[in-house]
Amino acid sequence: MNRRDTLRLGVAALALPTMDAIAHARTPEWILPVDSARAVAKRERKPLLIVSLNGNLDGNC
Amino acid sequence: MRAVTFAQTEVVDYLHRNFISTWYNQQPRVYPPTSPAAVNDHIACGCLASHGIAKGARQEALRRPDLNLPPGTGAGNVKIFFCTADAAIVNYLQGHWTPKEFVQHADFALALLKLHGSSPSDREAMTKLHRECKQVHVEASRKAQQELQASPAQRKLVEEVNAQNIRAQCHDLSIQRLLQDPQSHMREDLRILR
């Protein structure tokens with residue numbers, strides 16, 4: 001491993017989100033609002049998963 | 001859920017393939033959308049204290065509850081409804097679980113969904129499957145209790161008994177709520193607050 005590779009690894013490590021950043025990031029875009037999800041599930045005939053929790057899914061829950 | 005289970009690529013891919021996913025804030029008064037994360041953390045740390053989690057371990061438990069809390073902890077915090085395309089409950093899970101166990105419960109829901117609509121007695125077939133699985137957990141709990149009597153100081157065994165009891169209870173609740181719309185169950189806590 002040369003100096004450039006070491007530097008790349010260092011940069012990659014820095015770019016990884018911390019657990020705190022993940023926990024406080026915004027709700028993932030693949031998770032739809034309840035009404036939209038219900039409508040999409042019905043239209044696509046796909047099972048629906050609802051996670052009901054304390055908070056906004058941008059915290060730790 | 002957000003920081004561990006829903007942050008795992010494998011779990012996200014699995015959910016993408018098999019479900020349309022959504023979340024619901026069951027206590028918007030306590031956790032309003034504009035509430036800073038630090039305030040949420042403060043409230044959650046208070047809850048962990050009430051569960052007997054040591055002060056030094058609270059922040060880490062909070063960061064990754066799915067991995068750092070005993071399985072099934074937080075029944076009031078997280079309620080998971082696996083439903084048909086028409087939003088009828090087939091499987092219910094509460095509390096924090098590891099990504100692996102979460103996927104197992106989702107797989108179980110998919111097995112139940114295969115039964116749904118397959119025959120006029122699909123409800124009975126789904127109930128039977130829930131009862132059979134519940135029995136497995138009841139027996140596992142009994143076995144862990146016996147081991148606990150032989151070595152009462154083992155915290156892991158206490159957690160195992162609790163987790164097996166919660167798993168059994170989830171099957172009971174799934175049977176009670178089978179094919180119901182989840183809406184009223186999502187709002188239970190909200191009603192209590194009012």
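Student: Which elements of chain A have the lowest and the highest mean pLDDT?
Tutor: Helix 2 (residues 19–23) of chain A has the lowest, 47, and helix 3 (residues 34–44) of chain A the highest, 92; pLDDT is the predictor's confidence in each residue, from 0 to 100. Helices (H or I, at least four residues) and strands (E, at least two) are DSSP runs, numbered from the N terminus. This is a predicted model, in which local features need pLDDT of at least 70 and side-chain atom pairs count at pLDDT 80 or more, while totals for chains, interfaces and linings use all residues. Residues are numbered from 1 along each chain as its sequence is written, and chains are lettered from A and ligands numbered from 1 in the order in which they are written.

Student: What is the mean pLDDT of chain A?
Tutor: The mean is 68, with 39% of the residues at 70 or more. Where pLDDT is low, the predicted coordinates should not be read in detail.

Student: Why are strand 1 of chain A and strand 1 of chain B said to pair?
Tutor: Pairing requires at least two bridges found by DSSP. Strand 1 (residues 48–53) of chain A and strand 1 of chain B have six, in the parallel sense, so they pair. A:L49 stands opposite B:S21.

Student: What makes strand 1 and strand 3 of chain B edge strands?
Tutor: The open sheet has four strands in the order 1(B)-1(A)-2(B)-3(B), with mixed pairing. Strand 1 (20–25) and strand 3 (89–94) of chain B each pair on one side only.

Student: How many helices and strands does chain B have?
Tutor: Nine helices and three strands.
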